[in-house]
Amino acid sequence: MAAKKLYDSFSKSLLEEVQRWGSMKQTGVSLRYMLEFGSRLTDRNLLLAAQFLHKELPIRIARRAIELQSLPYGLSHKPAILKVRDWYLDSFRDLRSFPEIKDQNDEQEFTKMINLIKVRHNNVVPTMALGVQQLKKDLDPKFDYKDLDDIHQFLDRFYMSRIGIRMLIGQHVAMHDPDPPPDRIGYIHAKMSPVEVARNASEDARSVCLREYGTAPEVNVYGDPDFTFPYVPNHLHLMVFELVKNSLRAVEERFMDSDKIAPPVRIIVADGLEDVTIKVSDEGGGIPRSGLPKIFTYLYSTAKNPLAERADLGTADIATMAGYGFGLPISRLYARYFGGDLQIISMEGYGTDAYLHLSRLGDSQEPLP
């Protein structure tokens, strides 16, 4: 109820402006363009980037705010979704209230403001997950989630847009770092080692597994640690972390009552002409064939929902072992954002192979929902 009252506090003129901006065309950006533009870092380029974001971000945010108001099956009226919608309306109002950017002082103030917007939206994923769980509670247990294609398509658009918004803001903010790490251009690492990122992500996943179960299978990483290519390390870390976390959980639960030593999870990094492919393999028993069509939906998880008993949306722990049902579909969106993909192949009774394809061409323009 509080969220509805908050929505009532937005003026009619602002809501009309949201509709107007939401009908405007978005502008896509490629990884190569971000890399080349950021490598020529000057005050003028920062000013131009801020002026672009001043116009582009309201369009993207308005589109999502509009869509959040018209979701089927009553999803728009769930308290968690109302909360997210108001975050987007607040952010749109902040952006449209900011005056024209004319000089470096304006640019610096704008950068501070959009960074605050990014922080405001930090908990969008667990809050949206809670809204979906609130919807699931109202559905008949026998309801076939395949009938909710429009919900899945909305969530794909919504999260792809969120990735883009956070990438644009994060890239601009990071370009103000007075002492950037070597070969870093904003969020992008011009010489990222996928083997190194995979090792770090797998260690983080093992830490979560140890916390959850008390033990964790080993993770072996194979590939040339000296091989590098331009990519966003944060994106790759998130994807590998999710895949390894799933594999560790499967292996741990399969072998926890066994006298056998749990087999390691294997990560193989391969450098191809078009793609860098990262394969995550486990012997965790695989996924039943009937379950494979569901793994990339947002309403399916084989684990207990960690949000079910949690009322405080701000404290949701997205590093929990499993249960949101969002990890794989969002990981696939991160892969697709710069022209890659994620595929899962399973052998029930043995294990699962996840193939993470990352485009190394750099020209793939972000898909605009």
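## The largest cavity

The largest cavity in this predicted model holds about 80 Å³ of space. The structure has one cavity of 30 Å³ or more. Its lining is made up of I61, Y88, I117, K118, H121, R162, I165, R166 and I169.

Which elements give two or more residues to that lining? They are α6 (104-120) and α8. Helix α8 supplies the largest share, four residues. As for chemistry, the lining of the largest cavity splits into five nonpolar residues, one polar and three charged.

## The second largest pocket

Next up is the second largest pocket, with a volume of about 260 Å³. It is lined by 14 residues, and V29, Y33, F37, A49 and F52 are the closest to its centre. Helix α8 turns up here too: along with α3 (31-39) and α4 (43-68), it gives two or more residues to the lining.

How many charged residues does this lining have? There are none: the second largest pocket is lined by 10 nonpolar and four polar residues, with no charged ones.

## The nonpolar core

The largest nonpolar core takes in 101 residues. Which of them touch the most other members? That would be M128, Y159, L236, I267 and L356. Helix α8, spanning residues 149-174, again has the largest share, giving 11 residues to this core.

L236 is worth a look of its own. Setting aside neighbours within four places in sequence, L236 is in contact with M192, P194, V197, Y231, I278, L356 and L358. One of these partners, L356, is also on the list of core residues that touch the most other members.

## Loops to look at

Two residues other than glycine stand out for their backbone angles. Y73, in the loop between α4 and α5 (79-97), has a positive phi near 60°. D183 sits in the loop between α8 and β1 (184-185), and its phi is positive as well, near 65°.

Are these two buried or exposed? Neither, quite: Y73 counts as partly exposed because its relative accessible area is 39%, between the 20% and 50% cut-offs. D183 also comes out at 39% relative accessibility, so it falls in the partly exposed class.

A third loop residue is I261, found between α10 (233-255) and β5 (265-271). With a relative accessible area of 78%, I261 lies over the 50% cut-off and therefore counts as exposed. In sequence, I261 and P217 are 44 residues apart, yet in space their C-alpha atoms are 8.7 Å apart.

## How far to trust it

On confidence, the protein chain averages a pLDDT of 89, and 88% of the residues score at least 70. Among the elements, strand β3 (residues 219-222) has the highest mean pLDDT, 98, while helix α1 (residues 2-8) has the lowest, 50.

Then there is the stretch over residues 307-323, where the pLDDT is below 50. Even so, this stretch has 47 contacts in the model beyond near neighbours in sequence. Why be careful with a region like that? Where pLDDT is low, the predicted coordinates should not be read in detail.

Terms used: Residues numbered from 1 in each chain as written. Predicted model: local features only at pLDDT ≥ 70, side-chain atom pairs only at ≥ 80, totals over all residues. Heavy atoms only, no water. Core = buried A, V, L, I, M, F, W, Y, C linked by side-chain atoms within 4.5 Å. Buried < 20%, exposed > 50% of the residue type's maximum accessible area, 1.4 Å probe, protein only. Contact = heavy atoms within 4.5 Å. pLDDT = per-residue confidence, 0-100. 1 Å grid on protein atoms, 1.4 Å probe; cavity = no way out; pocket = protein on both sides within 12 Å on 5 of 7 lines; lining within 4 Å. Points joined across faces, edges and corners; volume = space filled by probe spheres on them. Nonpolar A, V, L, I, M, F, W, Y, C, P; charged D, E, K, R; others polar.
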